[in-house]
Amino acid sequence: MSLPWLEEHQQRINASLAEERLGHAPLIAGPVGVGKQALGDWLARRLLCLEPTDGQPCGECRACSLIKAGSHPDLFTVGIPEDKREIPVDSVRELSRCLQLTPSIGRHRVGLIEPAEAMNRNAANALLKTLEEPASDAWLVLISHRADDLPATIRSRCQIMTVRPPELELAGNWLVEACPDSNPDERSNALALAGGAPLAARALLDDGGLAFAHEVRSGLVALASGRSVPEVLSDGWAEQGGITWDWLVHWCAQCLAANLGAATSGDNNDWPSMNTERLASLADKALRGRSLAFGSVRQDLSLAQWLIEWQSIAQRG
Ligand SMILES: [Zn+2]
């Protein structure tokens, strides 16, 4: 399914390529669910295609066919290994080594790292060396949901392209086609919860994510009134990993807005009254929890601790 809001980025990339000013390390940044991965995949195809037509990969040449089959010898993808929670240094070293080789087909090699913020410190240091001494015919594409978490030394050596959520109307129209079984209420709810990111909204509608978001919200309200206990909630929520923290960050912001008296919709009235300073610091901790969700800290413990603090602040009023 095409993502029409990416077209302007593709045009900009094509213009840069035409003028030979596309940096050797593009960093595609932006929130979850705006299509960064799709843009990164497109860019890899665009760079490797042997006969791009009208600024688009042809889809038919040898390079395009091999990419489609997942076996292009000059395309190297690095992600979080299945048995790990971060990108280890070995993966980055291997990528750097591969990018030094002579291209087998065409004139370029492309490395893709996603999500770049999942590199541990050693991996980031190893990458820095590659960025400092780039191979002349290789591109290194980084994709990141949280580019601000990347070391400044890495960011400064990349050409940052930020993908933002499209206009609400465009996102809404796209979602009608993407989720034909959803109703307008569900769609606008999902888009609001996803911060306007269309693919994130689609995931909410497809995978029962909307229900989980509301489960987290009711859990927080129940904790505040003493109708639930942190341990019970944290066990189930920890399994959801980073998503739970995303919702805690989101609902903290909503609760903070309600406490500050910001104009809120009708269903925002049941938030507990809370000390806004403490609530803001709790929101910070949720943000930190989210970045640690990629590390080795035990989720259930840190989550239980966070929920205990939420309950205690809520009950103090
Ligand atoms: Zn092609």
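Glu132 comes out as partly exposed, at 43% relative accessibility, in this predicted model. Its partner is Arg157: the two share a salt bridge, with the closest N and O atoms 3.4 Å apart. Arg157 is partly exposed as well, at 34% relative accessibility. Glu132 belongs to helix α5, while Arg157 sits in the loop between α6 (152-155) and β5 (159-162), so this pair ties together parts that are 25 residues apart in sequence.

That contact is part of a wider set, as a search of the whole structure turns up nine salt bridges. Another one pairs Asp137 with Arg109, whose side chains meet at 2.2 Å, N to O. Here the link runs from the loop between α5 (121-132) and β4 (138-144), which holds Asp137, to strand β3 (residues 109-113), which holds Arg109, so parts 28 residues apart in sequence are tied together. The two ends sit in unlike surroundings: Arg109 is buried, with a relative accessible area of just 1%, whereas Asp137 counts as partly exposed at 23%.

A more local case is Arg97 with Glu94, where the side chains meet in a salt bridge of 2.9 Å, N to O. Both residues lie in helix α4 (residues 89-100), and because they are three residues apart there, about one helical turn separates them. Arg97 is partly exposed, with a relative accessible area of 46%, and Glu94 falls in the partly exposed class too, at 39%.

Arg46 goes its own way. This residue lies in helix α2 (residues 36-48) and is buried, yet it has no salt bridge. The nearest side chain of opposite charge belongs to Asp54, and that is 9.9 Å away. With a salt bridge requiring a side-chain nitrogen within 4 Å of a carboxyl oxygen, Asp54 at 9.9 Å doesn't make the cut for Arg46. What does Arg46 contact, once neighbours within four places in sequence are left aside? The list reads Asn14, Leu17, Pro52, Gly55, Gln56 and Pro57.

Now for the metal. The zinc ion takes its protein donors from four cysteines, through the SG atoms of Cys49, Cys58, Cys61 and Cys64, at 2.3 to 2.4 Å. Along the chain these donors follow the spacing C-x8-C-x2-C-x2-C. Cys49 is in the loop between α2 and α3 (62-68) and Cys64 is in helix α3 itself, so the pair ties together parts that are 15 residues apart in sequence. Cys49 is buried at 7% relative accessible area, and Cys64 is buried at 4%.

As for geometry, the four donor atoms subtend angles of 105 to 118 degrees around the zinc ion, and that is why the arrangement counts as tetrahedral. For reference, the ideal angle for four tetrahedral donors is 109.5 degrees.

Zooming out, the protein splits into two domains, with domain 1 covering 4-162 and domain 2 covering 208-316. The C-alpha centres of domain 1 and domain 2 lie 35 Å apart.

Terms used. Residues are numbered from 1 along each chain as its sequence is written. This is a predicted model: local features need pLDDT of at least 70, side-chain atom pairs count only at pLDDT 80 or more; totals for chains, interfaces and linings use all residues. Side-chain values use heavy atoms; hydrogens and water are left out. Helices (H or I, at least four residues) and strands (E, at least two) are DSSP runs, numbered from the N terminus. Buried means under 20% relative accessible area, exposed over 50%, partly exposed in between (1.4 Å probe, protein chains only). Lys and Arg count as positive and Asp and Glu as negative; His and the chain ends are not counted. Contact means heavy atoms within 4.5 Å. Domain bounds come from an automatic or database domain assignment. Donors are N, O and S atoms within 2.8 Å of the metal (3.2 Å for Na, K and Ca); water is not among the atoms, so sites may look incomplete. Four donors count as tetrahedral if all angles lie between 85 and 135 degrees; four count as square planar and six as octahedral if opposite donors are over 155 degrees apart and all others between 65 and 115; anything else is irregular.
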